[in-house]
Amino acid sequence: MSILKQRLSAPDLIVNDLKNRIRNGEFRAGEQLPSERQLQTDYGVSRLPLREAIARLNGLGIIRVSQGKGAFVCADVDSATVGDALIPLFPHDSIDRMHELVEARSLIEGEAASRAAQYATVDQLKSLESKLNYTQSILKDPKLFAECDFAFHREIAEISGNRFLILMLEALSSHIRHYLSQLTTNAQDRAKMINEHEGIYRAIKKGDPVLACKKAREHLVFCKNTFQRSQRKRNRTKSA
C-alpha cells in the first residue's frame with residue numbers, strides 16, 4: 001500500500017501505522033518485525049524513510065534494533081503514548097506554541113549537546129560529521145533539508161546516551177519537522193543553519209560541554225528569530 005500521496009511525511013505515516021499495528025496486537029512484545037525489504041514493499045517507500053521511521057520507533061523505546069538480526073517489539077511499549085499525548089499541544093497555526101516548542105528544544109538539546117561533548121566516541125563523531133554532508137538536491141529541497149536538519153539533532157541526542165532526552169526529542173519529532181519546514185524555505189537561511197550545525201559539531205568534537213550547550217541554544221535562538229521574520233513576511237503578504 002503506497003502512503004506517499006497523503007499529506008504527512010512518509011516516516012510519520014510509517015511510525016503511526018506501526019504503532020497502531022503494535023497496539024492492535026499484530027506485532028506482540030518480543031516479536032520480530034518484518035524485514036526491511038518487506039516493509040519497503042508494504043509501505044511503498046524507499047529505504048531512507050523506512051530507516052528514519054525505524055530509528056524514531058527505536059528512540060521512543062517501542063522497538064529495539066539488533067544489529068544483523070532485525071527490529072523487535074520491546075516488552076514495554078507504553079512509551080508509544082508519549083508522542084500522542086503531546087499532539088493537542090501543538091496546533092500548526094499557533095505562533096505561541098511554536099515559541100514554546102523552541103524553548104523546550106533549547107532545554108532538551110542544550111543538555112544533549114553538553115552530554116555529547118563529554119561522551120562522544122570517535123565513531124560517533126564520524127557519524128555526526130556525516131550528517132553535515134548536504135548534497136545539492138538536499139540544499140535545493142526545503143522539506144528534505146528539514147529532515148536532514150532533524151537527523152543531525154537526533155544524532156546528538158543519541159550520542160548523549162540519555163534515554164529520556166532521546167525519548168523527549170522523538171516525542172516532539174513531528175512538531176519539530178513542521179516547525180523546520182517553516183524555517184528552511186529561504187536558501188540563505190539554510191546556509192546559515194549549516195554553519196551553525198558545524199559550530200555545534202566542532203564544540204562537541206572539542207569535548208567542551210559548556211560551549212556545545214551554548215552553541216546548541218544559540219542555534220535555536222536563530223531558528224526562533226528566523227521563524228518570526230518568516231511569519232511577519234507572510235502576514236504582510238496576506239494583508240497586501
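**Exercise 1. Place L169 in this predicted model: which helix holds L169, and is L169 buried or exposed?**

Step 1. L169 lies in helix α9.

Step 2. Its relative accessibility is 2%. Buried means under 20%, so L169 counts as buried.

Step 3. Now list the contacts, leaving aside neighbours within four places in sequence. L169 then touches E109, F150, H153, R154, A157 and I176.

Step 4. Take H153 from that list. L169 and H153 are 16 residues apart in sequence. Their C-alpha atoms are 8.8 Å apart in space.

**Exercise 2. Describe the surroundings of H153: which residues are in contact with H153, neighbours within four places in sequence aside?**

Step 1. Locate the residue. H153 is part of helix α8.

Step 2. Check the exposure. H153 has 4% relative accessibility, so it counts as buried.

Step 3. Read off the contacts. Beyond the neighbours within four places, H153 meets R105, E109, L169, H197 and H219.

Step 4. Compare with L169. E109 is in contact with H153, and E109 is also in contact with L169.

**Exercise 3. Characterise the largest cavity: which residues line it, and which element gives the most to the lining?**

Step 1. Count the cavities. One cavity of 30 Å³ or more is found.

Step 2. Give the volume. The largest cavity holds about 50 Å³ of space.

Step 3. Name the lining. It consists of E109, A113, H153, I156, I200, A216, H219 and L220.

Step 4. Assign elements. Those giving two or more residues to this lining are α5 (95-119), α8 (142-160) and α12 (209-239). α12 gives the most, with three residues.

Step 5. Sort by class. The lining of the largest cavity has five nonpolar residues, two polar and one charged.

Step 6. Link back to Exercise 2. H153 and H219 both belong to this lining, and the two are in contact.

**Exercise 4. Characterise the largest pocket: what is its volume, and which residues are closest to its centre?**

Step 1. The volume is about 1200 Å³.

Step 2. The lining counts 40 residues. Closest to the centre are L48, L50, R51, E52 and A55.

Step 3. Seek the elements that give two or more residues to the pocket lining. They are α1 (10-23), α2, α3 (47-59), β1 (63-66), β2 (70-73), α8 and α9 (163-171). The largest share, nine residues, comes from α3.

Step 4. By class, the pocket lining splits into 17 nonpolar, twelve polar and eleven charged residues.

**Exercise 5. Follow Q40: how far apart in space are Q40 and L50?**

Step 1. Q40 sits in helix α2, residues 36-43.

Step 2. Q40 and L50 are ten residues apart in sequence. C-alpha to C-alpha, they are 6.8 Å apart.

Step 3. Leave out residues up to four places away in sequence. Q40 then touches V45, S46, R47 and L50.

Step 4. Return to the pocket. L50 is one of the residues closest to the centre of the largest pocket.

**Exercise 6. Search for aromatic pairs: how many are found, and which parts does the pairing tie together?**

Step 1. The whole structure yields one aromatic pair. Y134 and F145 form it.

Step 2. Read the geometry. The ring centres are 5.2 Å apart, with 25° between the planes. Planes under 30 degrees apart count as stacked, so this pair is stacked.

Step 3. Place the partners. Y134 lies in the loop between α6 (122-130) and α7 (136-140), and F145 in helix α8, so the pair ties together parts eleven residues apart in sequence.

Step 4. Check the exposure. Y134 and F145 are both buried.

**Exercise 7. Assess helix α10: how many of its eleven residues are buried?**

Step 1. Helix α10 spans residues 173-183.

Step 2. Its buried residues are S173, H175, I176, R177, H178, Y179, L180, Q182 and L183.

Step 3. Nine of the eleven residues are buried, so α10 is largely enclosed by the rest of the structure.

Step 4. Tie this to Exercise 1. I176 is buried, and I176 is in contact with L169.

**Exercise 8. Summarise the fold: how many helices and strands does the protein have?**

Step 1. There are twelve helices and two strands. Their order along the sequence is α-α-α-β-β-α-α-α-α-α-α-α-α-α.

Step 2. Of the 240 residues, 47% count as buried.

Step 3. Take the contacts with a separation of 6 or more. Residues 24 or more positions apart account for 71% of them.

Step 4. The accessible surface is about 12800 Å², and 52% of it belongs to carbon and sulfur atoms.

How values were computed: Residues numbered from 1 in each chain as written. Predicted model: local features only at pLDDT ≥ 70, side-chain atom pairs only at ≥ 80, totals over all residues. Heavy atoms only, no water. 1 Å grid on protein atoms, 1.4 Å probe; cavity = no way out; pocket = protein on both sides within 12 Å on 5 of 7 lines; lining within 4 Å. Points joined across faces, edges and corners; volume = space filled by probe spheres on them. Helix = DSSP H or I, 4+ residues; strand = E, 2+ residues; numbered from the N terminus. Nonpolar A, V, L, I, M, F, W, Y, C, P; charged D, E, K, R; others polar. Contact = heavy atoms within 4.5 Å. Phe/Tyr/Trp six-rings, centres within 6.5 Å; stacked < 30°, edge-to-face > 60°. Buried < 20%, exposed > 50% of the residue type's maximum accessible area, 1.4 Å probe, protein only. Areas by Shrake-Rupley, 256 points an atom, 1.4 Å probe, with all protein chains shown as cover.
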